[in-house]
Amino acid sequence: MGEKNQQQQVMLFGIDEGEHSFYALEWVLDHFFAASGFNRTFHLVVAYAKPTPSTVVGLGGPGTMDIMGVVDADLKKNAQEVLEKGKQLCTSKGVENASFEVVEGDPRNVLVEGVEKHHASLLVLGSHGYGALKRAVLGSVSDYCAHHAHCSVMIVKKPKIKH
């Protein structure tokens, strides 16, 4: 965990395994931390929301308990891989003082609660670029956070390739 200067505000970055997320993290590092690898205004906290095994497997049925442990181990491994990739990206940009955490739960709740927990003044997310139908079915984490987080929310969009 990085050291945080008491005067610094917290920038909470919601990371996931998607390419849009890593694009957004790189964008934030380039635009907020690039000059010296350190930002006197913000301390960067990178948070990953790990799904619960029951949300992946579903509830009930014979043999469900047998696979819960396997699924949870796989989810933990995935979370560590995502954070390790995020740490490597930060290190490659010279940012050594960021904090990283895994919190179990729905990303919407994890991020809104993370804003409160860290007293964040800025929440940053990558946009997945879902269409209207997929966003309606899955729900948009960024839409939810924009309406419920008690701080400014920045959504970093990956530019679309023009043909």
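The largest nonpolar core has 24 residues, and M11, F13, I15, L29, F33 and L44 touch the most other members. A nonpolar core here is a set of buried Ala, Val, Leu, Ile, Met, Phe, Trp, Tyr and Cys residues joined through side-chain atoms within 4.5 Å. Buried means under 20% relative accessible area, exposed means over 50%, and partly exposed lies in between, with a 1.4 Å probe and protein chains only. Two or more residues of this core come from each of strand 1 (9-15), helix 1 (19-33), strand 2 (42-50), helix 3 (64-92) and strand 4 (120-126). Helix 1 gives the most, with six residues. Helices (H or I, at least four residues) and strands (E, at least two) are DSSP runs, numbered from the N terminus. Apart from this core lies another one, of 13 residues, including V45, A47, L125 and A149.

The model is predicted: local features need pLDDT of at least 70, side-chain atom pairs count only at pLDDT 80 or more, and totals for chains, interfaces and linings use all residues. Residues are numbered from 1 along each chain as its sequence is written, and side-chain values use heavy atoms, with hydrogens and water left out.

Now the overall layout. The protein chain has six helices and five strands. Along the sequence they follow the pattern β-α-β-α-α-β-α-β-α-α-β. Of the 163 residues in the protein chain, 40% are buried. Contact means heavy atoms within 4.5 Å. Among contacts in the protein chain with a separation of 6 or more, 76% join residues 24 or more positions apart.

Start with F13, a core residue. Neighbours within four places in sequence aside, F13 is in contact with S21, A24, L25, V28, L44, V45, V46, A47 and V124. One of these contacts, V46, lies in strand 2. The C-alpha atoms of V46 and F13 are separated by 4.7 Å, though the two residues are 33 apart along the chain. V46 is buried, because its relative accessible area is 0%. With neighbours within four places again left aside, V46 is in contact with F13, I15, L83, S99, F100 and E101.

Another contact of F13 is V124. F13 stands opposite V124 in strand 4. Strand 1 and strand 4 pair in the parallel sense over five bridges. Pairing requires that DSSP finds at least two bridges between the strands. Strand 4 also runs parallel to strand 5 (residues 152-156), and five bridges join them. There V124 stands opposite M154 in strand 5. Six of the seven residues of strand 4 are buried, so strand 4 is largely enclosed by the rest of the structure.

Just before strand 4 comes a loop. H119 sits in it, between helix 4 (107-118) and strand 4. Phi of H119 is near 55°, a positive value in a residue other than glycine. Most residues other than glycine have a negative phi. H119 counts as exposed because its relative accessibility is 69%.

Return to helix 1. It has 15 residues and reaches 20 Å from its first C-alpha to its last, close to the 21 Å expected at 1.5 Å a residue. The expected span is 1.5 Å times one less than the number of residues. The buried residues of helix 1 are S21, F22, A24, L25, V28, L29 and F33. They cover an arc of only 155° around the axis, so they lie on the same side of helix 1. That arc is taken from the directions from the helix axis to the C-beta atoms. On the other side of helix 1, E19 and H31 are exposed. D30 also lies in helix 1. At 34% relative accessibility, D30 counts as partly exposed. D30 and C90 are 60 residues apart in sequence, yet 9.9 Å apart in space, C-alpha to C-alpha.

Last, the cysteines. A disulfide is a covalent bond between the sulfur atoms of two cysteines. The criterion here is a pair of cysteine sulfur atoms within 2.5 Å. A search of the whole structure finds zero disulfides. Take C145: its closest cysteine sulfur is in C151, 8.8 Å away, so the two are too far apart for a bond. C145 is buried, because its relative accessibility is 0%. C151 is also buried, with a relative accessible area of 17%.
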